[in-house]
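Reader: Hello! I am new to this structure and would love a close look at one part of it. Could you pick a single helix and walk me through its surroundings?

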Amino acid sequence: MSRERILIIFLVILSGLLVASAVNPYDRATWFMEVAPVLIVVPILVLTYRRFSLTPLLYFLIFMHAIVLITGGAYTYAHVPLGFWLQDLFQFSRNNYDRIGHFFQGLVPALLARELLLRLGYVSNRRVASFLAICFAMAVSAWYELIEWAAAVVLGQKADDFLGNQGDPWDTQWDMFMCFIGAVVAMIGLSREQDRQINSFRA
């Protein structure tokens with residue numbers, strides 16, 4: 001199956017999930033805030049595909065991240081069934097689905113930054129690119145936490161579903177730590193495959 005056909009399948013699946021999640025979400029405002037990145041990023045990827053397509057690895061991980069976001073939007077992160085299943089399985093004190101979301105928040109932006117740095121020629125040394133990619137992912141995480149803080153100030157208790165902290169005073173620190181773990185896993189576990197796919201563009 002061609003890469004374009006696979007991407008079309010991804011797009012159809014995400015469109016269907018977005019529509020399904022919007023039918024009767026747990027909270028309409030929270031749904032919109034959680035899926036907003038998908039509504040912004042996916043059209044950009046579609047519009048830039050012909051001019052600058054990304055590696056298949058990155059498209060797949062963006063697809064998976066979008067599913068995590070859409071699911072969190074539909075249920076709110078504190079009420080996603082997968083999180084409750086993990087809570088029962090590992091005897092967690094809370095629904096930790098948001099930890100998965102923040103892991104992907106490190107994994108995907110780090111690989112995106114690394115790919116752009118290398119392919120656009122901003123950095124030639126791959127170790128430097130990986131270091132800067134982790135820094136970029138952490139910057140994204142910090143901005144997201146600032147957005148959550150702003151939502152808490154503006155919306156007050158109405159922001160609880162969006163924040164998803166479930167009374168955890170260390171929620172912000174955990175979010176940023178999981179982002180860091182995701183970025184490091186991306187660099188250690190996926191950078192070689194990313195390099196292989198990047199080299200295929202040059203072949």
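Author: Happy to! Please keep in mind that this is a predicted model. Let us start with the whole chain and then settle on helix α4, which covers residues 81-90.

The chain has eight helices and zero strands, so reading from the N terminus you meet α-α-α-α-α-α-α-α. Its radius of gyration is 17 Å, close to the 17 Å that the globule rule gives for 203 residues, so the chain is as compact as a globular protein of that length. If you turn the C-alpha trace along its principal axes, it spans about 55 × 35 × 35 Å. Of the 203 residues, 44% are buried. Among contacts with a separation of 6 or more, 72% are made by residues 24 or more positions apart. The accessible surface comes to about 11,400 Å², and carbon and sulfur atoms account for 69% of that surface.

Now to α4 itself. Which of its residues are buried? They are Gly 83, Leu 86 and Gln 87. These three cover an arc of only 105 degrees around the axis, which puts them on the same side of α4. What do they pack against? Their partner is α5, residues 97-119. On the face turned away from this buried side you will find Trp 85 and Asp 88, both exposed.

The two ends of the helix deserve a look as well. Ahead of α4 there is a loop that joins it to α3 (56-75), and Thr 76 sits in that loop. Thr 76 is not a glycine, yet it has a positive phi of about 70 degrees. Why is that worth pointing out? Most residues other than glycine have a negative phi. Thr 76 has a relative accessibility of 0%, so it counts as buried.

On the other side, just after α4, comes Gln 91, which belongs to the loop between α4 and α5. Gln 91 also has a positive phi, of about 60 degrees, although it is not a glycine. Is Gln 91 buried or exposed? With 65% relative accessibility, it counts as exposed.

To put the pieces together: α4 turns Gly 83, Leu 86 and Gln 87 inward as its buried residues, and these pack against α5, while Trp 85 and Asp 88 are exposed on the face turned away. The loop before α4 holds the buried Thr 76, and the loop after it holds the exposed Gln 91.

Notes. Residues numbered from 1 in each chain as written. Predicted model: local features only at pLDDT ≥ 70, side-chain atom pairs only at ≥ 80, totals over all residues. Heavy atoms only, no water. Helix = DSSP H or I, 4+ residues; strand = E, 2+ residues; numbered from the N terminus. Rg over C-alpha atoms; globule rule 2.2 N^0.38 Å. Buried < 20%, exposed > 50% of the residue type's maximum accessible area, 1.4 Å probe, protein only. Contact = heavy atoms within 4.5 Å. Areas by Shrake-Rupley, 256 points an atom, 1.4 Å probe, with all protein chains shown as cover. Arc of directions from axis to C-beta.
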